[in-house]
Amino acid sequence: MNTVQPLRVAFIGLGNMGAPMARRLIAEGFALRAFDADPDVTATFGDAAAASAADAARDADVIVTMLPNGAIVRAAIAAIGDLRPGSVLLDMSSADAAGTVRLGRELAARGVALVDSPVSGGVGLAAEGKLALMVGADDDGALARVQPLLDALGARMIRTGGLGTGHAAKAINNAIAAANIAIAAEGLVIADRSGLSPETLLEVVNSSTGRSGVSETIFKTQILTGAYRQGFALALMAKDVGLAGDLARDLGLHLPQLAATEAGWNGARDALEPGADFTAYHRHVKDSNTAS
């Protein structure tokens, strides 16, 4: 464990992923001040808890944001007010790439660099510092400054290109994962209706060309069991698919599979209870096809 770290870190956003990430940085010896919009969550950080976003960011070398979307990141920056020239904003949220590029220009005019580094891997890997990181940056110097944090949080860092490309990569990856979940969930419903056990179908899929990262992991532990509690909200998955859809539309692309995936996840979001886990997409498909 690193016992001495020169970086002073503000961590804004202590949700399912943000909290274990912030705790990981504390365990690695970083001087960290944490803040969440929920005061009860902030209070769980004890001496590291900040009274406000501005309090957390005061004198910080790096401000880490782990928030639901780019609009909330902007709101947090507005709440902070004056950012110290020379500091770096490390946005690890899932946000729209174009908005990230615009924000980077605005911050650069204030002497603040922006690096986008959304994550993949889930709560367990966040706590272990084994996330996959997709990193976009225009400023190599800023990236070097935040590298110690990235090293503490991730097992693999992929430099995706310039500013905003990390967010683009995350949205596209999640859209692909969402499409895999959707078709596999529908396949299980077909199997069940045909007299083929879902367990047997999943074994076939995972031994054949239909397999994917999601079929090999969450389907066995979360979907076949009916647990539906992997720890990532379905609404956030729908949002990420929408970010990929927005990017495609901005580029003038006609992508019918992405459009169908976006419509399917938006439908599940609207039909299921608030806070439903993303693995509950299967329950939505199954319930939508229950014989009356």
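## Exercises on salt bridges, helix packing and loops

Asp61 is buried, at a relative accessible area of 9%. The model is predicted.

**Exercise 1. Find the salt-bridge partner of Asp61 and state which parts of the chain the pair ties together.**

Solution.
Step 1. Start with the contact. Arg8 forms a salt bridge with Asp61, and the closest N and O atoms are 3.1 Å apart. The cut-off is 4 Å, so the pair qualifies.
Step 2. Place both ends. Arg8 sits in strand S1 (residues 8–12), while Asp61 is in the loop between H3 and S3; the pair therefore ties together parts that are 53 residues apart in sequence.
Step 3. Check exposure. Arg8 is partly exposed, at 41% relative accessible area. Asp61, at 9%, is buried.
Step 4. Widen the view. A network of salt bridges links Arg8, Asp61 and Arg84. Across the whole structure, the search finds 14 salt bridges.

**Exercise 2. Describe how the axes of helices H4 and H5 are arranged, then find a salt bridge that ties the two helices together.**

Solution.
Step 1. Take the axes. Those of H4 (residues 70–80) and H5 (residues 97–108) come within 11 Å and cross at roughly 15°.
Step 2. Classify the angle. Angles under 35 degrees count as roughly parallel, so H4 is roughly parallel to H5.
Step 3. Assign the hand. The crossing of H4 past H5 is left-handed.
Step 4. Look for a charged pair. Glu106 and Arg74 form a salt bridge, with the closest N and O atoms 2.8 Å apart. Glu106 belongs to helix H5 and Arg74 to helix H4, so this contact ties together parts that are 32 residues apart in sequence.
Step 5. Check exposure. Glu106 is partly exposed at 39% relative accessibility. Arg74 is partly exposed too, at 33%.

**Exercise 3. Asp240 forms a salt bridge: with which residue? Is Asp240 buried or exposed?**

Solution.
Step 1. The partner is Lys239, and the closest N and O atoms are 3.0 Å apart.
Step 2. Asp240 has 1% relative accessibility. Buried means under 20%, so Asp240 is buried.

**Exercise 4. Locate Asp59 and Tyr228, and compare their exposure.**

Solution.
Step 1. Read the backbone of Asp59. Its phi is near 70°, a positive value in a residue other than glycine.
Step 2. Place Asp59. It lies in the loop between helix H3 (53–57) and strand S3 (62–65).
Step 3. Turn to Tyr228. Phi of Tyr228 is positive, about 50°, although Tyr228 is not a glycine. Tyr228 is in the loop between helix H10 (218–223) and H11.
Step 4. Compare exposure. Asp59 is partly exposed at 47% relative accessibility, whereas Tyr228 is buried at 13%.

**Exercise 5. Contrast the loop residues Pro118 and Leu251 in exposure.**

Solution.
Step 1. Place Pro118. It is in the loop between strand S5 (113–116) and strand S6 (119–120).
Step 2. Read its accessibility. Pro118 is buried, with a relative accessible area of 0%.
Step 3. Place Leu251. It is in the loop between helix H11 (234–250) and helix H12 (256–271).
Step 4. Read its accessibility. Leu251 is exposed at 58%. The contrast is clear: Pro118 is buried and Leu251 is exposed.
Step 5. Add the surroundings of Leu251. Together with Leu253 and Leu255, Leu251 forms a nonpolar surface patch with about 290 Å² of accessible area.

Definitions and conventions: Residues are numbered from 1 along each chain as its sequence is written. This is a predicted model: local features need pLDDT of at least 70, side-chain atom pairs count only at pLDDT 80 or more; totals for chains, interfaces and linings use all residues. Side-chain values use heavy atoms; hydrogens and water are left out. Patches are made of residues with over 30% relative accessible area and no salt bridge: like charges are joined within 9 Å, nonpolar side chains (Val, Leu, Ile, Met, Phe, Trp, Tyr) within 5 Å. Accessible areas come from the Shrake-Rupley method with a 1.4 Å probe; for residues, only the protein chains shown count as cover. A salt bridge is a side-chain nitrogen of Lys or Arg within 4 Å of a carboxyl oxygen of Asp or Glu. Helices (H or I, at least four residues) and strands (E, at least two) are DSSP runs, numbered from the N terminus. Buried means under 20% relative accessible area, exposed over 50%, partly exposed in between (1.4 Å probe, protein chains only). Axes are lines fitted to C-alpha atoms, for helices over the stretch in contact, and angles run from 0 to 180 degrees between N-to-C directions. Angles under 35 degrees count as roughly parallel, over 145 as roughly antiparallel, 65 to 115 as roughly perpendicular and the rest as oblique. A crossing is left-handed if the near helix is turned anticlockwise from the far one by less than a right angle, and right-handed if clockwise.
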